[in-house]
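Visitor: I would like to understand how the labels in a structure are earned, and not only what they are. Could you take me through the reasoning step by step?

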Amino acid sequence: MSRADQQEDLRLVAYADRYRSSVLDLFRSVPYKAAIWHWEFESSPTGKSFDPILIVNSDDRVVGFNGIIPVSATSQGKPLDLAWSCDFYVAKDYRGQGVGSWLKKELDSRASVILAFGVSDQADRVLSHLGWTQPTVVHSFRLTRQWRSVRGLALRGLQWFNCVMGWLNPSVYRGTLSVQERLPGPEEVDALWHLAEADYEAVITRDYRYLDWRYQRHPCARYGFVVARRNGQLDGLMVVRYGQRSLKLIDYCGPAHNTALKRALIRFCRSHWRHAEHFSVTTSDPELGQCAVREGFFQARSKPRFFMRRVSGKQEGGKQRGQRGQRGQRGEGGEGVEYPENPHWFIMTGDSDGEMLQAAAEFSLGY
Ligand SMILES: CC(C)(COP(=O)(O)OP(=O)(O)OC[C@H]1O[C@@H](n2cnc3c(N)ncnc32)[C@H](O)[C@@H]1OP(=O)(O)O)[C@@H](O)C(=O)NCCC(=O)NCCS
């Protein structure tokens, strides 16, 4: 029982349609939440049902919410019992009373491993306090073609230095690259992913079903796909989004290790989007980061926060003793899977729910 629960009659409730407007009311300062709601939560590519955590007060008003993004994940090709936390939010008048801790405690019953990416300053303090850890560091890399400020000029100097280092360490990719408005077909994408996934220590499943949902079915965002082929076969792909004269390299699907391919994808983006003034890629993959630097990017100071919680006393891939066994959110596909001690998570911008909202915001402005 939380402190807030003791003060007022607050209770945990199962999600029902009648709570939707009350939840959206919580997020009234977050534009486009309503526009992406159905797609984000109720059209799961994994087939999982929408089962967020809700706390309501005595008037049945939602005062605390924690969403779960419907994704699957694997470790070296084996399914993980995972919940991807998003939209952790407590009504202003209920903050600092333990409602946030209660939501997170309840989240513990949903999976063996819980992740959150793109965590706010406030949530950073709360999650650290509650024992969440930051096992994998995520870096941002940027490239600017803007030279109108002193800082812009200095950064261009650094970019030139990185380019020269890249020329001194050349890599040759013997395939062809092109940009497409649609993903390649399901068979090709799945073949690529299933060949690659065993080499990732821990990763969100980037099969066709997921990529299609995430990037082609977003109701108010448009993504592009840079596709690499060798001997006619799909070798790798990069998901990108252009807006506000910036090109963002949002996601990557392909082999875990292949410097020549990753550099070729980044180089292609640079030359194809000649009119872009800024480029950015955010990733936990040191190889992709190094490839970006070799292609002239610089490492930015900001590090988006990626948090993880491993629930102790939870049976891997199975149900936590005595808790919420009937809801069927846990254990799906995770039977008997051991979570490795300290896996390196492959994370990119596309793994953040913040990107879903930002894409919608920029799209609505016509970028
Ligand atoms: C982040 C948020 C959900 C936290 O909810 P909350 O109900 O205020 O959190 P709690 O009262 O349960 O606090 C959780 C714990 O963190 C601690 N904590 C809270 N704020 C803290 C702070 N600023 N510094 C250090 N510790 C803090 C509390 O002391 C508490 O620990 P305790 O139970 O041992 O006392 C809430 O502040 C919020 O909705 N913020 C705006 C939206 C947001 O940033 N969401 C996160 C998106 S990633």
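**How the labels are earned**

Guide: Let us begin with the shell around the ligand, which by class has seven nonpolar, eight polar and two charged residues. Please keep in mind throughout that this is a predicted model.

Visitor: Which residues of that shell are closest to the ligand, and how many surround it?

Guide: The ligand is surrounded by 17 residues, and the closest are Arg 95, Gly 100, Ser 101, Ser 120 and Ala 123. Two or more residues of the shell are given by each of strand S6 (82–90), helix H4 (99–107) and helix H5 (121–129), and the largest share, five residues, comes from H5.

Visitor: Why is Asn 231 called exposed?

Guide: A residue counts as exposed if 12 or fewer other C-beta atoms lie within 10 Å of its own, and Asn 231 has 8 such neighbours, so the label exposed follows. Asn 231 lies in the loop between strand S11 (224–230) and S12, and although it is not a glycine, its phi is positive, at about 50°.

Visitor: What makes Gln 76 partly exposed?

Guide: The label partly exposed belongs between two cut-offs, 12 or fewer neighbours for exposed and 20 or more for buried; Gln 76 has 14 other C-beta atoms within 10 Å, and therefore it is called partly exposed. Gln 76 sits in the loop between S4 and S5, and its phi, near 45°, is a positive value in a residue other than glycine.

Visitor: How do you know that Ser 49 counts as partly exposed?

Guide: The reasoning is of this kind: Ser 49 has 13 C-beta neighbours inside 10 Å, so it counts as partly exposed. Ser 49 is found in the loop between H3 and strand S2 (53–56), and its C-alpha atom is separated by 8.3 Å from that of Pro 70, although the two residues are 21 apart along the chain.

Visitor: What makes strand S4 and S5 a pair?

Guide: Two strands pair if at least two bridges are found between them, and strand S4 (residues 73–75) and S5 have three bridges, in the antiparallel sense. Within this pair, Ser 75 stands opposite Lys 78 in S5. Both strands belong to an open sheet of four strands, in the order S5-S4-S10-S17, with mixed pairing; strand S5 (78–80) and strand S17 (345–346) are called its edge strands, as each pairs on one side only.

Visitor: How many bridges join S8 to S15, and which way do these strands run?

Guide: S8 is joined to strand S15 (residues 298–299) by two bridges, and the strands run antiparallel; the cut-off is at least two, so they count as a pair. Here Phe 298 in S15 is the bridge partner of Arg 142. Six bridges join strand S8 (residues 139–144) to strand S14 (residues 278–283), also antiparallel, and there Ser 140 stands opposite Thr 282 in S14.

Visitor: Why does the span of helix H11 agree with what is expected?

Guide: At 1.5 Å a residue, the twelve residues of helix H11 (residues 353–364) should span 16 Å, and the end C-alpha atoms are 17 Å apart, so the two values agree. The buried residues of H11 are Glu 355, Met 356, Leu 357, Ala 359 and Ala 360, and what covers them includes helix H3 (33–42), strand S12 (233–243) and strand S13 (246–253).

Notes:
Residues are numbered from 1 along each chain as its sequence is written. This is a predicted model: local features need pLDDT of at least 70, side-chain atom pairs count only at pLDDT 80 or more; totals for chains, interfaces and linings use all residues. A residue is near a molecule or strand if its C-beta atom, placed from the backbone, lies within 6 Å of it. Ala, Val, Leu, Ile, Met, Phe, Trp, Tyr, Cys and Pro count as nonpolar, Asp, Glu, Lys and Arg as charged, and the others, Gly among them, as polar. The expected span of a helix is 1.5 Å times one less than its number of residues. Two residues are in contact if their C-beta atoms, placed from the backbone, lie within 7 Å.
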